[in-house]
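Q: Hi! I have a structure open here and would love to go through it with you. Shall we start with the contacts and then work outwards?

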Amino acid sequence: MLESALLYMVLLRIFSGSVDIAAAGLMFKFNDLEKALVINTMLALVGPTVMIITTGIGISGLGDKISLGKIIFLLSGVALILISMRMK
């Protein structure tokens, strides 16, 4: 049986993948570059949000098994990924 934290992480990733597939379908259906760009921009909000939530769930599930230093490094890594996504 899966741990509850792992189950939530899996379900969030399935949800995220489903949103990506639905967005691709909408882009195909609309067949319009401008609408596809708007849809893609909305996806740019979903991806980082899901990453932050799943990382938080994972860290909370491992909270008693890993040290504070490792948690800080994990959170720093997530922050650097988000910062790098915003840089041009």
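Q: How many salt bridges does the count come to?

A: The count comes to one salt bridge. Bear in mind that this is a predicted model.

Q: Which side chains meet in that salt bridge?

A: The side chains of Glu3 and Lys65 do, at 3.8 Å from N to O. The pair links distant parts of the chain, with the two positions 62 residues apart in sequence numbering. Glu3 belongs to the segment before α1, while Lys65 is in the loop between α2 and α3 (68–86).

Q: And is Lys65 buried or exposed?

A: Lys65 counts as exposed because its relative accessibility is 55%, and the cut-off for that class is over 50%. Glu3, at 47%, counts as partly exposed.

Q: Nice. Changing topic: how many aromatic pairs are there?

A: The count of aromatic pairs comes to zero.

Q: What sits over the ring of Phe30, then?

A: That would be the charged end of Lys35, 5.1 Å from the centre of the Phe30 ring.

Q: OK, let me zoom out. What pattern does the protein chain follow along the sequence?

A: Reading along the sequence gives α-α-α. The protein chain has three helices and zero strands.

Q: What is its radius of gyration, next to that of a compact globule of 88 residues?

A: The protein chain has 16 Å, whereas a compact globule of 88 residues would have a value near 12 Å. Along the principal axes, the C-alpha trace spans about 50 × 40 × 10 Å.

Q: What percentage of the residues count as buried?

A: Of the 88 residues in the protein chain, 17% count as buried.

Q: Which residues form the nonpolar patch on the surface?

A: The patch is formed by Leu2, Leu6, Leu7, Tyr8, Val10, Leu11 and Ile14, and together these have about 630 Å² of accessible area. Leu2 lies in the segment before α1. With a relative accessible area of 45%, Leu2 is partly exposed.

Q: One more thing, about the backbone. What is the phi of Asn31?

A: Phi of Asn31 is near 50°, a positive value in a residue other than glycine. For context, most residues other than glycine have a negative phi.

Q: Where is Asn31 placed?

A: Asn31 is in the loop between α1 (4–30) and α2 (33–62). Asn31 counts as exposed, because its relative accessibility is 71% and the cut-off is over 50%.

Note on methods:
Residues are numbered from 1 along each chain as its sequence is written. This is a predicted model: local features need pLDDT of at least 70, side-chain atom pairs count only at pLDDT 80 or more; totals for chains, interfaces and linings use all residues. Side-chain values use heavy atoms; hydrogens and water are left out. Helices (H or I, at least four residues) and strands (E, at least two) are DSSP runs, numbered from the N terminus. Buried means under 20% relative accessible area, exposed over 50%, partly exposed in between (1.4 Å probe, protein chains only). Patches are made of residues with over 30% relative accessible area and no salt bridge: like charges are joined within 9 Å, nonpolar side chains (Val, Leu, Ile, Met, Phe, Trp, Tyr) within 5 Å. Accessible areas come from the Shrake-Rupley method with a 1.4 Å probe; for residues, only the protein chains shown count as cover. A salt bridge is a side-chain nitrogen of Lys or Arg within 4 Å of a carboxyl oxygen of Asp or Glu. Rings of Phe, Tyr and Trp (its six-membered ring) pair if their centres lie within 6.5 Å; planes under 30 degrees apart count as stacked, over 60 as edge-to-face and the rest as tilted. A charge sits over a ring if NZ of Lys or CZ of Arg is within 6 Å of the ring centre and within 35 degrees of the ring normal. The radius of gyration is taken over C-alpha atoms; the globule rule is 2.2 Å times the number of residues to the power 0.38.
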